[in-house]
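Work through the following exercises with the sequence and the model side by side. Each task is followed by a solution that proceeds step by step.

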Amino acid sequence: MIYLGNAFALSMVDENCVIEVNTLSEDEVLEKLNDGFISIVGHLSTSLLYSNLLGIEIPMKRTTLMLKKDDILIVGQYVGPRLEEGVIDLPENSTIIWKMVRLL
């Protein structure tokens, strides 16, 4: 299963596992999401921001996730000045770095 989220926490994995993290381009993210995904983006403004950046609908869905082997979690990691509440466009001098998290 492929998930798209705005954070990764160690509570999302079993206590005994190996985690692989890779950086993806926006095109690679879209290619991975093309065949379907589950959004676990927990904030409406973040889902709207991701939707604007990727050009596809990213619904908001607060949920708890436990990754299993062969699952993929794509995480949008914001880098920049602290965002104001409700921002749906990236401010100047900021970016989203897309990370792919997998259990090996």
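**Exercise 1. Determine which element gives the most to the lining of the largest pocket, and describe that lining.**

Solution. Helix α2 gives the most, with five residues, where helices (H or I, at least four residues) and strands (E, at least two) are DSSP runs numbered from the N terminus. The model is a predicted one, in which local features need pLDDT of at least 70 and side-chain atom pairs count only at pLDDT 80 or more, while totals for chains, interfaces and linings use all residues. Residues are numbered from 1 along each chain as its sequence is written, and side-chain values use heavy atoms, with hydrogens and water left out.

Next, take the volume: about 410 Å³ of space lies in the largest pocket. Of the 16 residues that line the largest pocket, those closest to its centre are His 43, Ser 45, Thr 46, Leu 83 and Glu 84. The elements that give two or more residues to this lining are α2 and β4.

A pocket is here an open set of points on a 1 Å grid over the protein atoms alone, where a 1.4 Å probe fits, with protein on both sides within 12 Å along at least five of seven lines; lining residues have an atom within 4 Å of a point. The volume is the space filled by probe spheres set on the points, which are joined across faces, edges and corners.

Finally, sort the lining of the largest pocket by class, which gives seven nonpolar, six polar and three charged residues. In this scheme Ala, Val, Leu, Ile, Met, Phe, Trp, Tyr, Cys and Pro count as nonpolar, Asp, Glu, Lys and Arg as charged, and the others, Gly among them, as polar.

**Exercise 2. Describe the second largest pocket, and then place Lys 61, one of its lining residues.**

Solution. About 150 Å³ of space lies in the second largest pocket. Its lining includes Asn 6, Ala 7, Ser 11 and Met 12, together with Lys 61, Arg 62, Thr 63, Thr 64 and Leu 65. By class, the lining of the second largest pocket has four nonpolar, five polar and two charged residues.

Turning to Lys 61, one finds this residue in the loop between α2 and β4. Lys 61 is partly exposed, with a relative accessible area of 42%; buried means under 20%, exposed over 50%, and partly exposed in between (1.4 Å probe, protein chains only). Although Lys 61 and Ser 39 are 22 residues apart along the chain, their C-alpha atoms are separated by 6.2 Å.

**Exercise 3. Trace the strand pairings that involve β4 and β5.**

Solution. Two strands pair if DSSP finds at least two bridges between them. Begin with β1 (residues 2-5) and β4 (residues 72-79), which pair in the parallel sense over four bridges; within β4, Val 75 is the bridge partner of Gly 5. Then move to β4 and β5 (residues 95-103), which pair in the antiparallel sense over eight bridges, with Ile 97 in β5 as the bridge partner of Gln 77. Last, β2 (residues 19-24) pairs with β5 in the antiparallel sense over six bridges, and there Leu 103 in β5 is the bridge partner of Ile 19.

**Exercise 4. Classify the aromatic pair, and state where its two residues lie.**

Solution. The structure holds one aromatic pair. The rings of Tyr 50 and Trp 98 have their centres 5.0 Å apart and their planes at 65°, so the pair is edge-to-face. The criterion is that rings of Phe, Tyr and Trp (its six-membered ring) pair if their centres lie within 6.5 Å, and that planes under 30 degrees apart count as stacked, over 60 as edge-to-face and the rest as tilted. The pair links distant parts of the chain, since Tyr 50 belongs to helix α2 (residues 44-54) and Trp 98 to strand β5, 48 residues apart. Both Tyr 50 and Trp 98 are buried.

**Exercise 5. Locate Asp 70 and Asn 93, and give the phi of each.**

Solution. Asp 70 has a positive phi of about 80° although it is not a glycine; Asp 70 sits in the loop between α2 and β4 and is exposed, with a relative accessible area of 63%. Asn 93, also not a glycine, has a positive phi of about 65°; Asn 93 sits in the loop between β4 and β5 and is exposed, with a relative accessible area of 71%.
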